[in-house]
Amino acid sequence: MYRFILMRVRGQALSEVIATFGIGWPSSSFFRYLGFVGVEYALPVFIDESFMIGDVYVDMQRILIVISAAVLVFLLWLFVHHTSLGLAFRGIAQDERTALTFGMDSDWIATLSVSFGAGLAALPQRLSFPWEPSR
């Protein structure tokens, strides 16, 4: 997706957003048509406990989701601030021309960035089913 479409409109913020939506919407509709994506989604129950917080019942599963999201955000912060690849991501995002003068390959970093984003988008789906669901 990045190499064939997004690279051509790089640097034009509105065109990048339009191109991303132009790719995402038809492809998700195509997969839904093929039956890969269901219209309804229910979170499988793997912890059947709930707590009363104020006047609201909150199940333990949602609390674990919030905790795992916080851990993931912290790990991403560590990655971006303490690895050379994370620093390259930040350098390209903040000032691409200066990063290019330091020898960073902006196309490679942007391809990795899109790949990381796709992986992070797929992560909640994988975490929802840590085991193979019974059919």
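Is Phe46 buried, partly exposed or exposed? With a relative accessibility of 39%, Phe46 counts as partly exposed. The views below start from the whole predicted model and come back to this residue at the end.

**View 1. The whole chain, a predicted model with 5 helices and 2 strands.** Reading from the N terminus, you will meet the elements in the order α-β-β-α-α-α-α. Confidence first: the chain has a mean pLDDT of 81, with 85% of its residues at 70 or more. Among the elements, helix 3 (residues 84-94) has the highest mean pLDDT, 90, while helix 5 (residues 106-128) has the lowest, 80. A friendly reminder for any view of this kind: where pLDDT is low, the predicted coordinates should not be read in detail. Of the 135 residues, 14% count as buried. The accessible surface of the chain is about 10,600 Å², and carbon and sulfur atoms account for 67% of that area. Taking contacts between residues at least 6 apart in sequence, 38% join residues at least 24 apart.

**View 2. The largest nonpolar core, with helix 3 as its main contributor.** Six residues make up this core: Ala88, Phe89, Ile92, Ala99, Ile109 and Leu112. Helix 3 and helix 5 each supply at least two of them, and the largest share, 3 residues, comes from helix 3. Ile92 is a good place to pause. Leaving aside residues up to four places away in sequence, Ile92 touches Arg10, Ala99, Met104, Ser106 and Ile109. A second, separate core has 5 residues, including Tyr2, Leu6, Ala19 and Ala110.

**View 3. Arg10 at the centre of a salt-bridge network.** Side chains of opposite charge can pair when their charged atoms come close. Here Arg10, Glu96 and Asp107 are linked in a network of salt bridges. The side chains of Arg10 and Glu96 meet at 2.8 Å, N to O. Because Glu96 lies in helix 4 (residues 96-101) and Arg10 in the segment before helix 1, this pair ties together parts that are 86 residues apart in sequence. Arg10 also forms a salt bridge with Asp107, at 2.9 Å, N to O. That second pair links the segment before helix 1 with helix 5, across 97 residues. How do the three residues sit relative to the surface? Arg10 is partly exposed, with a relative accessible area of 23%. Glu96 is partly exposed too, at 30%, and so is Asp107, at 27%.

**View 4. A salt bridge between Arg62 and Asp59.** A search of the whole structure finds 3 salt bridges, and this is one of them. The side chains of Arg62 and Asp59 meet at 3.5 Å, N to O. Asp59 has a relative accessible area of 27%, so Asp59 counts as partly exposed.

**View 5. A nonpolar patch on the surface, with Phe46 among its members.** Back to the residue from the opening question. Phe46 is found in the loop between helix 1 (13-34) and strand 1 (50-53). Together with Leu64, Ile67, Val71, Phe74, Leu75 and Trp77, Phe46 forms a nonpolar patch on the surface. The accessible area of these residues together is about 660 Å². Phe46 itself has 39% relative accessibility, which is why it counts as partly exposed.

Methods:
Residues are numbered from 1 along each chain as its sequence is written. Side-chain values use heavy atoms; hydrogens and water are left out. pLDDT is the predictor's confidence in each residue, from 0 to 100. Helices (H or I, at least four residues) and strands (E, at least two) are DSSP runs, numbered from the N terminus. A nonpolar core is a set of buried Ala, Val, Leu, Ile, Met, Phe, Trp, Tyr and Cys residues joined through side-chain atoms within 4.5 Å. Buried means under 20% relative accessible area, exposed over 50%, partly exposed in between (1.4 Å probe, protein chains only). Contact means heavy atoms within 4.5 Å. Patches are made of residues with over 30% relative accessible area and no salt bridge: like charges are joined within 9 Å, nonpolar side chains (Val, Leu, Ile, Met, Phe, Trp, Tyr) within 5 Å. Accessible areas come from the Shrake-Rupley method with a 1.4 Å probe; for residues, only the protein chains shown count as cover. A salt bridge is a side-chain nitrogen of Lys or Arg within 4 Å of a carboxyl oxygen of Asp or Glu.
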